[in-house]
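Please look at the sequence and the structure below, and then read the short report on nonpolar packing and on contacts between distant parts of the chain.

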Amino acid sequence: GSDEVKAAPDQSTGGVCEAMNNDHEHLFQAQKAMADAIARMDALKGKVGLASQIVEFATDRAKSALAVVVVEYLKQDMSSAAADSYARADERYKTEMKKILSETANAKNVLQEFLVEKIKFEAARSIVSVEKSLLNL
């Protein structure tokens, strides 16, 4: 054995100080998570309005894209049904639809990202509330 004297762990507080530090750390982490979520939502806020409009008007934009091409076929004295069929097969319409679908998908991603951050904020806020009640703050 060794002649070294080792100090016994301090049992006077029964580990209360360590537990309080852990509780305060949980509170701090939850508050940081709230602040991070707010910062990310703030960064997205400029995109959210435009994204909402893109999603909301996607159907109208698709109808408009089709109508532009249908009119050209109607000017060639085609029936409405034939003009519609030809327009839907037209590369100009397909190209415009790909653009609309891509923009709509990107817009939905922005809205989804914002929603995720909002959920993270709400979860962190709940944790802060619980931690504060546990600490009697």
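The report turns to the nonpolar cores and then to two residues of one helix.

This is a predicted model, in which local features need pLDDT of at least 70 and side-chain atom pairs count only at pLDDT 80 or more, while totals for chains, interfaces and linings use all residues. Residues are numbered from 1 along each chain as its sequence is written, and side-chain values use heavy atoms, with hydrogens and water left out.

A nonpolar core is here a set of buried Ala, Val, Leu, Ile, Met, Phe, Trp, Tyr and Cys residues joined through side-chain atoms within 4.5 Å, where buried means under 20% relative accessible area, exposed over 50% and partly exposed in between (1.4 Å probe, protein chains only). The largest such core has 11 residues, including Ala62, Leu66, Val70, Tyr73, Ala83 and Met97. At least two of its residues come from each of helix H2 (58-74), helix H3 (80-89) and helix H4 (91-135), helices being DSSP runs of H or I with at least four residues, numbered from the N terminus. The most is given by H2, with 6 residues.

Leaving aside residues up to four places away in sequence, Ala83 touches Val70, Tyr73, Leu74 and Met78, a contact being heavy atoms within 4.5 Å. Apart from the largest core lies another, of 9 residues, among them Ala30, Phe121, Val128 and Leu135.

Leu135 is found in helix H4, and so is Lys118. Leu135 counts as buried because its relative accessibility is 17%, whereas Lys118, at 43%, is partly exposed. The table gives their C-alpha separations from residues far along the chain.

| Pair | Separation in sequence | C-alpha distance |
|---|---|---|
| Leu135 and His24 | 111 residues | 8.2 Å |
| Lys118 and Ile38 | 80 residues | 8.0 Å |
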